[in-house]
2 protein chains.
Amino acid sequence: MQEANRRSQSTRREATKARLVSAARRLFAEKGFAATSTPEVAAAAGVTRGALYHHFADKTALFRTVVEEEHLILAMSIEAAAGTDEEPGPVKALLQGGDAFLTAMQDPGRRRILLVDAPAVLGRDELDAIDARHSLRTLIEGLGAAMDAKAIRDLPLEPLARLVGAMFDRAAMADEATMPDYRKAMRALVRGLKT
Amino acid sequence: MQEANRRSQSTRREATKARLVSAARRLFAEKGFAATSTPEVAAAAGVTRGALYHHFADKTALFRTVVEEEHLILAMSIEAAAGTDEEPGPVKALLQGGDAFLTAMQDPGRRRILLVDAPAVLGRDELDAIDARHSLRTLIEGLGAAMDAKAIRDLPLEPLARLVGAMFDRAAMADEATMPDYRKAMRALVRGLKT
DNA sequence: TCTTGCATACATGCAGCCTGTATGTTAGAG
DNA sequence: CTCTAACATACAGGCTGCATGTATGCAAGA
């Protein structure tokens, strides 16, 4: 019963944490970080603030966990889309990854959390570090592969990826009506990378 | 004495407001919006919180004023730099404006206020509206002129400007050491706009 | 010109909320 | 049976926004 027992403890722990993170994600998405209070999150998760502060150092730590999760989902979506075809070629993989990013970013709550609140709450440096482990990493890998294949010019990889990422972030904020215009403009800009 | 008297009142008013905005700008720049309290701002300005709330509806309104001022300075710097040469040509004007933007953005406090805190505090929509009246407007005008001169391709103007603006914002976050790499990558991307 | 009444620029005080921590309490694990 | 971990409860401090007080211009009439 050791295993069962130990798991029942850690299961409970993880379940509580998951409920907190889930409730927090919903509230942060709807009302933003500043307008969401910890009593609110705890109530939505069906626990007290004591539980929240038992599992997370502070409100920011809870937000950080939400951000990490969202970034993880994002990176997985991108990689799944970029790796669908058998022999896609690096350029096609990039385009598919970009589409997957824009699709995943259709969720307004995700946009608010990742693009609006996260830089201010976590600070640009920390958010950049998180990004570097997830979405940006996929972009760097994709651009690097394209460079190796001589499909695009040789350029400083991370700065280029950061710039392209910033463009994608901005495009993700566009409403559906103007999205085609953003795509057109992005295509023109990315055109400059071709060898 | 009507004029003198009336001016003495409004002079006092403007002086107090200016001191509040100046103190707020300094504190927001150093510690960010969330970590700056209204007692702190009032003390730094040498008044009480009563004065602050007499002149500004709330803490956010004070921040909004600071943001507007910073954006105004930015737009003026850009336009001054873009309009120096006699017959610059639209492309050269764009390059000079871009340089002026990056130079003005060297101030870390300005970066924090405009690029980190402003989107979260004011919301992306309102900040976009402010931007549209100032820095972004200069970019739209510049790109529009370049399009009219057939120097760059015909593309949806505002989306293009927003994307290029996002690139510049990101480049402005780079430290001095990696700035040349960002410039290289930006040059390549902008290259795609050429006719 | 004097003073009188009002509006405006502030100061002070108050109510409510929120965050983070410190201290209980219960239940599982060894 | 003890001990530790997962919570709940209670508390202290700070902050925001408003409501109320006060004093100083300021304009108009006697």
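Okay, let's start where the two chains meet: chain B and chain A bury about 2900 Å² between them, and 69% of that sits on carbon and sulfur atoms. Buried area here is the accessible area, taken with a 1.4 Å probe, that two parts lose on being put together, summed over both. On the chain B side, Leu163(B), Arg170(B) and Leu189(B) lose the most area to chain A, together 24% of what that side buries.

Quick housekeeping. This is a predicted model, where local features need pLDDT of at least 70 and side-chain atom pairs count only at pLDDT 80 or more, while totals for chains, interfaces and linings use all residues. Residues are numbered from 1 along each chain as its sequence is written, chains are lettered from A and ligands numbered from 1 in the order written, and side-chain values use heavy atoms, leaving out hydrogens and water.

Back to the interface. Chain B puts 32 residues into the contact, and chain A puts in 32 residues; contact means heavy atoms within 4.5 Å. There are two salt bridges between chain B and chain A, meaning a side-chain nitrogen of Lys or Arg within 4 Å of a carboxyl oxygen of Asp or Glu. You can look up Arg170(A) with Asp128(B), a salt bridge at 3.1 Å, N to O. Which parts of chain B are involved? The elements giving two or more residues to the side that touches chain A are α6 (108–122), α7 (124–133), α9 (157–172) and α10 (179–191) of chain B. Helices, by the way, are DSSP runs of H or I, at least four residues, and strands are runs of E, at least two, numbered from the N terminus.

Now inside chain A. The domain assignment, which is automatic or from a database, gives domain 1 (1–56) and domain 2 (58–195). Their C-alpha centres lie 29 Å apart. How much do these two domains of chain A bury between them? About 1400 Å², with 71% of it on carbon and sulfur atoms. In domain 1 of chain A, Arg25(A), Phe33(A) and Phe56(A) lose the most area to domain 2, together 47% of what that side buries.

Arg25(A) turns up again, since its side chain meets that of Glu70(A) in a salt bridge at 2.8 Å, N to O. The rule finds two salt bridges across this domain interface of chain A. Helices α1 (2–31), α2 (38–45) and α3 (49–55) of chain A each give two or more residues to the domain 1 side, and α1(A) supplies the largest share, eight residues.
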